[in-house]
Amino acid sequence: MMLCLTLFVMAQAQHIDYKTYFTPERLRVDLVFTGNAQTQDVFLHSLHKEPLWAGSKTVLIAPFDYGDCRYNVYSTQNVLLFSRGFNSLFAEWTTTEEALEKDKAFATSLWMPYPKDTVWFEVSQRVSSTGAWKALKRFRIEPTDALIRVEAPVCEAEALIYNGPVENHVDLLFVAEGYQAHELEKFKQDAARFAEYLFEYEPFTSRKADFNIWILPLESQTSGPSFPQHGLWTQTSLYSAFHTFYLERYLTLPDFSPLGKAVSGAPFDALFVIVNSDIYGGGGIYNYYGISTSDHSLSKEVFVHEFGHSFAGLADEYYTSDVAYIDMYPTDVEPWEANITTLVDFASKWEDIMHLEGVGVYEGAAYMAKGMYRPAIDCRMHTNNAPAFCPVCQRAINRVIDSYTK
Ligand SMILES: [Zn+2]
């Protein structure tokens with residue numbers, strides 16, 4: 001009886017009235033993560049006031065325990081007002097060989113509704129050996145701080161598909177990278193094609209009316225991404241580059257800062273960077289950004305796969321691939337991703353839908369041949385040949401869409 005009462009009180013405490021605590025604007029918190037494989041730290045770089053919070057005004061506390069990192073925003077009375085989970089390139093990098101012997105710093109931007117009063121902004125990371133959260137640092141944010149930079153849009157976003165108010169639709173923003181001025185029409189066509197690709201896949205097909213698609217036609221000085229492995233460096237707006245972590249096909253934005261600044265004036269819940277190139281590659285980092293190339297023959301498959309990572313936090317269901325990560329998942333801890341399991345806490349995963357056709361437990365997932373299981377023989381998160389997301393991934397994606405629309 002006491003337990004039920006406690007749960008009830010906690011659920012009640014989670015209802016936060018948006019207008020009481022936040023203005024219609026958005027706060028961008030620019031941070032710098034530093035460290036190595038053993039120790040990590042985070043520092044406040046700068047604060048930015050942006051025109052519009054485009055996210056949900058009802059789902060303020062993250063409904064999922066997703067991400068390798070998390071930020072919680074508390075009132076000065078210690079009431080949790082807002083939270084989100086996320087992954088970052090830094091968090092990935094700390095699991096590489098390089099992080100065993102080097103210290104590095106990575107810039108990151110995080111967004112929240114603009115607070116009316118002083119808040120505490122707490123950044124936590126998940127302890128991989130236990131799955132528990134550990135607070136890294138707390139920053140006190142005064143919304144009246146004269147040094148909070150007021151941002152004006154660098155580049156205006158345009159609506160490609162508009163289905164309704166930003167606060168109860170998923171706002172997916174396609175950002176141009178490596179397109180010169182005369183190629184921005186091509187970008188618009190590429191973005192329209194990517195939107196069509198997305199809606200070819202369930203559950204996106206059925207949920208199309210829940211999406212707004214925005215495009216940011218950002219101009220670059222030169223075309224295409226950089227190829228460090230070939231000594232080829234281009235001058236683009238977002239500094240996209242292959243060879244991330246020395247992996248040929250891993251295309252990312254090694255520095256997040258230009259992207260954070262570029263999207264200052266744009267409405268978005270999800271960021272996807274389209275890179276003007278016909279070379280195979282991409283990446284997707286949960287609640288951070290997805291990125292892939294425009295013109296490879298597998299651009300559709302790669303984009304939808306990477307969006308599965310960046311939008312819904314889905315894990316790779318494959319296990320035979322060249323990745324830089326070492327010991328990424330302990331087998332005695334249930335991973336947080338919805339589509340993989342170590343069977344340590346299978347009830348928290350897809351045990352309840354094992355009766356569905358095409359759902360099972362198959363060993364080999366998340367770069368591990370043993371001790372990690374996936375829900376289907378094949379899936380969009382498994383191979384480029386898969387025609388669909390498996391039922392478990394579809395359910396996870398639907399739940400994330402709900403968190404933006406309900
Ligand atoms: Zn799947």
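Two strands pair if DSSP finds at least two bridges between them. Strands themselves (E, at least two residues) and helices (H or I, at least four) are DSSP runs, numbered from the N terminus. With those terms, begin at His 48, which stands opposite Arg 149 in E8. Strand E2 (residues 40-50) and E8 run parallel, joined by 2 bridges.

This is a predicted model, in which local features need pLDDT of at least 70, side-chain atom pairs count only at pLDDT 80 or more, and totals for chains, interfaces and linings use all residues. Residues are numbered from 1 along each chain as its sequence is written, and side-chain values use heavy atoms, with hydrogens and water left out.

How confident is the predictor? Its confidence in each residue is the pLDDT, from 0 to 100. The protein chain has a mean pLDDT of 94, and 95% of its residues reach 70 or more. Residues 1-12 have a pLDDT below 50, and this stretch has 0 contacts in the model beyond near neighbours in sequence. Contact means heavy atoms within 4.5 Å. Where pLDDT is low, the predicted coordinates should not be read in detail.

Back to the sheet that holds E2. Its 4 strands form an open sheet in the order E5-E1-E2-E8, with mixed pairing. Strand E5 (104-115) and strand E8 (149-150) stand at the edges. Each has a single partner strand, so one side of each is left without a neighbour in the sheet.

Now turn to strand E14 (residues 289-293). Buried means under 20% relative accessible area, exposed means over 50%, and partly exposed lies in between (1.4 Å probe, protein chains only). In E14, 5 of the 5 residues are buried, so the strand is largely enclosed by the rest of the structure. In a regular strand the side chains alternate between the two faces of the sheet. In E14, Tyr 289, Ile 291 and Thr 293 point one way, while Gly 290 and Ser 292 point the other way.

E14 has pairing partners. Strand E12 (residues 270-275) pairs with E14 in the parallel sense over 4 bridges. Here Val 273 has Ile 291 as its bridge partner. Strand E13 (residues 282-285) pairs with E14 in the antiparallel sense, also over 4 bridges. Gly 283 stands opposite Ile 291 in this strand. E13 and E14 form a hairpin, with 3 residues between them. Asn 287 sits in that turn and has a positive phi of about 55°. At 25% relative accessibility, Asn 287 counts as partly exposed.

Most residues other than glycine have a negative phi, and most peptide bonds are trans. Asn 78 is not a glycine, yet its phi is positive, about 70°. It lies in the loop between strand E3 (69-75) and strand E4 (80-86). Asn 78 is partly exposed, at 48% relative accessibility. The peptide bond from Glu 202 to Pro 203 is cis, with omega near 10°. Pro 203 is in the loop between helix H4 (184-198) and strand E11 (211-216).

Next comes helix H6 (residues 299-312). The expected span of a helix is 1.5 Å times one less than its number of residues. For the 14 residues of H6 that gives 20 Å, and the end C-alpha atoms are 19 Å apart, which agrees. In H6, 13 of the 14 residues are buried, so the helix is largely enclosed by the rest of the structure. Gly 313 follows H6 and has a positive phi, near 65°.

Look next at Val 263, in the loop between helix H5 (257-262) and E12. Is Val 263 buried or exposed? It is buried, with a relative accessible area of 0%. Not counting residues up to four places away in sequence, Val 263 touches several residues, among them Arg 26, Trp 111 and Phe 268. Val 263 and Glu 50 are 213 residues apart along the chain, but their C-alpha atoms are separated by 9.4 Å.

Finish at the zinc ion. Donors are N, O and S atoms within 2.8 Å of the metal (3.2 Å for Na, K and Ca); water is not among the atoms, so sites may look incomplete. Which residues are the protein donors of the zinc ion? They are Glu 317 (OE), Cys 379 (SG), Cys 390 (SG) and Cys 393 (SG), lying 2.0 to 2.3 Å from the ion. Along the chain, the donors follow the spacing E-x61-C-x10-C-x2-C. Cys 390 and Cys 393 are buried.

Note on methods:
pLDDT is the predictor's confidence in each residue, from 0 to 100.
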